[in-house]
Amino acid sequence: MPLITTISEIKNYLSIDINTRIESLQPFINEAELLYIKDLLGADFYAELVAAYKTANFVIDDMTDEQTAIMIYMQRALSYYMAYLSINQMGVNFGDMGIQQQFGENSQPAPQWKVDKLMLSYIQQADIHAEKMLQYLEENASPLTYATWYNSTANTKNEGWMVNSAIVASQYIDINNSRRIFLRLKKRIKDIESSYIKRLICADQYNELVTQIQADSISAENQLLIDKLRPIIAKMALYFTIPSLRIAITDQGIMIYSSNDGIISKQMADKDQIKDLKESLIDNEFGYKSDETELEEFIEANIDDYPLIAASDCYTIKTSPGPSWQVENSSDNKHFSV
């Protein structure tokens with residue numbers, strides 16, 4: 001059951017031709033929901049909204065105030081995703097006569113460069129509004145409000161992630177608030193936070209951060225620590241994801257995609273460019289290694305604010321010449337291990 005059923009709902013967010021029929025757009029609405037919206041909301045909350053929308057006879061103003069509020073965010077993102085998916089097929093018919101293109105007496109198809117710019121604009125706007133929808137849920141959901149979403153795995157705060165949205169990640173890496181790229185990064189972010197970061201700041205401190213994020217009650221000192229950790233996590237995640245961004249594993253094997261004027265090909269980006277980008281994420285001046293050094297210096301200077309780290313076996317202070325950060329473990333010289 002679609003979450004947009006009338007042209008007037010789409011016109012609240014997009015400028016579309018006055019003669020466009022909802023029946024023409026319905027297949028793309030359905031596809032956009034399955035490809036994007038359902039995963040963002042989580043299957044259970046998505047089903048809950050569909051049922052409530054149907055009960056309200058497909059009038060969002062007749063839903064509860066909470067449901068109406070999230071439907072406005074959702075329908076805006078859905079409209080842009082729908083438009084993005086529809087561009088290459090609208091005005092083109094598939095039937096007994098083959099593939100045919102139609103246009104009116106007073107109109108003609110837009111040039112390809114305009115179509116490409118419009119597609120880019122639509123998917124960028126869709127991702128931006130998907131993030132705004134999730135941000136609204138994160139700020140307003142609780143065990144009593146939007147409880148189905150709050151208790152689902154779609155709510156990354158439940159898992160205690162430090163880099164839990166495209167908006168957060170985009171502060172440190174150039175993904176332009178892209179929800180689609182963030183979803184590619186999620187698996188590595190989870191691994192980095194639960195393994196690498198846990199070793200970096202010691203288990204007790206890491207567990208306290210997770211608990212406070214989940215409870216939405218982060219202390220001022222721990223927020224400062226999270227702010228130091230986030231660039232490391234985001235840059236590392238992108239560093240390890242870059243080689244697979246254009247790779248798809250299919251029944252035909254491993255495919256590498258690129259696009260030129262809408263034609264999919266196997267053209268690869270220059271290897272030196274990929275190497276330079278990866279190195280920029282790790283190098284000692286601007287990459288996550290530099291962020292790690294800044295984190296180490298921050299903890300050294302503020303160790304009294306982090307008693308869990310100070311008391312941990314993975315961090316102690318040498319009596320002379322002072323705080324020490326070493327790479328290799330040693331029974332004689334204690335250190336903050338990574």
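**Close-up views of a predicted model**

At 1% relative accessibility, Gln-205 counts as buried, and this residue is a good place to start looking around the predicted model.

**View 1. Gln-205 and its surroundings in helix 9.** Gln-205 sits in helix 9. Skip anything up to four places away in sequence, and Gln-205 still touches Asn-222, Leu-225, Tyr-306, Leu-308 and Ile-309. Which other residues of helix 9 are buried? Along with Gln-205, the list has Tyr-206, Leu-209, Val-210, Gln-212 and Ile-213. Those buried residues pack against three other helices: helix 8 (179-201), helix 10 (220-241) and helix 13 (307-310).

**View 2. Helix 9 from end to end.** Helix 9 covers residues 203-215, which is 13 residues. At 1.5 Å a residue it should span 18 Å, and the C-alpha atoms at its ends are indeed 18 Å apart, so the two values agree. Right after helix 9 comes Asp-216.

**View 3. Two loop residues with positive phi, Cys-202 and Asp-216.** Most residues other than glycine have a negative phi. Cys-202 isn't a glycine, yet its phi is positive, at about 80 degrees. You'll find Cys-202 in the loop between helix 8 and helix 9. Asp-216, also not a glycine, has a positive phi near 55 degrees, and this residue belongs to the loop between helix 9 and helix 10. Are these residues buried or exposed? Cys-202 has a relative accessibility of 2%, so it counts as buried. Asp-216 comes out at 56%, so it counts as exposed, the cut-off being over 50%.

**View 4. Helix 3 against helix 4.** Here helix 3 (residues 43-55) packs with helix 4 (residues 65-86) at an angle of about 110 degrees, and the two axes are 12 Å apart. The two helices are therefore roughly perpendicular to each other. On the helix 3 side, the contact is made by Phe-45, Leu-49, Ala-52 and Tyr-53; helix 4 brings in Gln-67, Ile-70, Met-71 and Gln-75. Sort the residues of this contact by type and you get six nonpolar, two polar and no charged.

**View 5. Ser-79 in helix 4.** Staying with helix 4, this view picks out Ser-79. Its relative accessibility is 0%, so Ser-79 counts as buried. What does Ser-79 contact, leaving aside neighbours within four places in sequence? The partners are Ile-4, Ile-10, Tyr-13 and Leu-14. Phe-28 is 51 residues from Ser-79 in sequence, with 9.5 Å between their C-alpha atoms.

**View 6. Leu-185 in helix 8.** Leu-185 has its place in helix 8. With a relative accessible area of 0%, Leu-185 is buried. Beyond its neighbours within four places in sequence, Leu-185 is in contact with Ile-173 and Ile-175, and also with Ala-237, Leu-238 and Thr-241. Tyr-239 is 54 residues from Leu-185 in sequence, and the C-alpha to C-alpha distance between them is 9.7 Å.

**View 7. Stepping back to the whole chain.** The protein has 13 helices and six strands. Of its 338 residues, 41% count as buried. Take the contacts with a separation of 6 or more: 61% of them join residues 24 or more positions apart. The protein exposes about 19,100 Å², with carbon and sulfur atoms supplying 50% of that area.

Technical notes
Residues numbered from 1 in each chain as written. Predicted model: local features only at pLDDT ≥ 70, side-chain atom pairs only at ≥ 80, totals over all residues. Heavy atoms only, no water. Axes fitted to C-alpha atoms, helices over the stretch in contact; angles between N-to-C directions. Helix = DSSP H or I, 4+ residues; strand = E, 2+ residues; numbered from the N terminus. Parallel < 35°, antiparallel > 145°, perpendicular 65-115°, else oblique. Contact = heavy atoms within 4.5 Å. Nonpolar A, V, L, I, M, F, W, Y, C, P; charged D, E, K, R; others polar. Expected span 1.5 Å × (residues − 1). Buried < 20%, exposed > 50% of the residue type's maximum accessible area, 1.4 Å probe, protein only. Areas by Shrake-Rupley, 256 points an atom, 1.4 Å probe, with all protein chains shown as cover.
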